[in-house]
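Q: I'm new to this structure and would love a close look at one part of it, the nonpolar core. Could you walk me through that part and then show me what lies around it?

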Amino acid sequence: VALELNRGHEPLLPIVLDGILPMPPVMRAMRALVARQLPTRVRLVVEYLTGVVERFRESEAAIMLVLDYEGDQELSAIPLPKVDMFLLAHRDHALLQTGDTVDRAELARHVELVVADSSPHATGTSHRLFLGSPHLFELSDFHSKRQALLGGVGYGWLPNHLAKPHMDTGELVTIPFEEGSVHTFGPHLVYRKDPPLGAAGRLFMELFLHEAGMET
């Protein structure tokens with residue numbers, strides 16, 4: 001093991017990602033990484049929204065997969081496939097019964113489902129996916145939010161990879177919101193320039209980009 005570490009395989013590879021992003025490409029990359037039997041221990045942490053960047057900086061993680069990236073001279077970033085969020089409700093929800101376009105005033109009369117920003121310095125209402133309803137139901141992750149939508153608890157945004165199977169069956173329906181029912185994120189894979197990625201970090205990045213359908 002000592003010899004492998006001397007060859008550049010870091011003892012620990014910390015990765016932080018936004019839980020909105022599709023998980024299968026990450027896990028396929030992890031499986032391929034495990035198959036190499038490297039001496040590196042991987043630590044994968046899931047955060048949400050601004051909590052991703054805060055955890056990346058505070059924990060000195062090697063890599064982050066983040067929804068929004070504004071650029072930083074100390075970091076390198078690779079664009080990833082876009083993620084579409086759909087504003088949805090169960091087909092029996094009152095918001096879908098009239099067939100009319102819905103405005104914020106109408107949305108505010110109903111329970112809004114929100115996944116809380118995982119930053120300790122933010123609230124569930126501090127990001128662009130919050131639509132302003134005073135009737136809030138905060139959840140810790142999007143899998144729970146999907147179940148709440150399917151249970152008719154309220155309405156809210158859901159990423160395409162979680163929403164599509166239920167949209168295809170008609171269980172979840174797009175709300176005709178006058179400001180738009182689709183919000184698109186442009187996620188990035190971000191890593192530090194200094195210190196540079198070790199061998200395991202470079203390998204994970206290569207494997208993940210391949211699994212995500214990106215050129216490497």
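A: Let's start with the term itself: a nonpolar core is a set of buried Ala, Val, Leu, Ile, Met, Phe, Trp, Tyr and Cys residues joined through side-chain atoms within 4.5 Å. Buried means under 20% relative accessible area, exposed means over 50%, and partly exposed is in between (1.4 Å probe, protein chains only).

Two notes on the source will help you read on. This is a predicted model, in which local features need pLDDT of at least 70 and side-chain atom pairs count only at pLDDT 80 or more, while totals for chains, interfaces and linings use all residues. Residues are numbered from 1 along each chain as its sequence is written, and side-chain values use heavy atoms, with hydrogens and water left out.

Now to the core. The largest one holds 54 residues, and the members that touch the most others are I20, L65, I175, F204 and F208. Helix 7, residues 199–211, gives the most to this core, with seven residues. (Helices, H or I of at least four residues, and strands, E of at least two, are DSSP runs numbered from the N terminus.) In soluble globular proteins, nonpolar side chains tend to be buried together.

I20 is a good place to look around. Setting aside residues up to four places away in sequence, I20 touches Y48, L49, L67, V83, M85, L129, F142, P159 and H161; a contact here means heavy atoms within 4.5 Å. Apart from the largest core lies another one, of nine residues, including V45, V52, L75 and V190.

One of the partners of I20 is L49, so let's visit that residue, which counts as buried because its relative accessible area is 15%. L49 sits in the loop between strand 2 and helix 3. Its phi is near 60°, a positive value in a residue other than glycine. Q37 also has a positive phi, about 55°, although Q37 is not a glycine. Q37 belongs to the loop between helix 2 (24–35) and strand 2 (41–47), and its relative accessibility of 70% makes it exposed.

Helix 3, residues 50–59, is home to F56. F56 counts as buried because its relative accessibility is 0%. Beyond its neighbours within four places in sequence, F56 is in contact with V16, A61, A62, I63, M64, L75, V190 and R192. Two of these partners, L75 and V190, are among the residues of the nine-residue core. F56 and P14 are 42 residues apart in sequence, and their C-alpha atoms are 8.8 Å apart in space.

Two histidines are worth a stop as well. H93 lies in the loop between strand 5 (83–90) and helix 4 (104–107), and it is buried because its relative accessible area is 11%. Not counting residues up to four places away in sequence, H93 touches H110, G154 and Y155. H166 is found in helix 6, residues 160–169; with 15% relative accessibility, H166 counts as buried. Its contacts, leaving aside neighbours within four places in sequence, are R146, L150, E171 and L172.

The loop between strand 5 and helix 4 also holds D103. D103 is partly exposed, with a relative accessible area of 30%. Once neighbours within four places in sequence are left aside, D103 is in contact with F177 and E178. Another loop, between strand 11 (188–192) and helix 7, contains P195, and the peptide bond from D194 to P195 is cis, with omega near 0°.

Let's step back to the whole protein. It has seven helices and eleven strands, and buried residues make up 46% of its 216 residues. Among contacts between residues at least 6 apart in sequence, 76% join residues at least 24 apart. The C-alpha atoms fill a box of roughly 70 × 35 × 25 Å, taken along the principal axes.

Finally, a word on confidence, given by pLDDT, the predictor's confidence in each residue from 0 to 100. The mean pLDDT of the protein is 89, and 91% of its residues reach 70 or more. Among the elements, strand 9 (residues 172–174) has the highest mean pLDDT, 98, and helix 1 (residues 2–6) the lowest, 42. Over residues 1–6 pLDDT stays under 50, and the model has six contacts beyond four places in sequence for that stretch.
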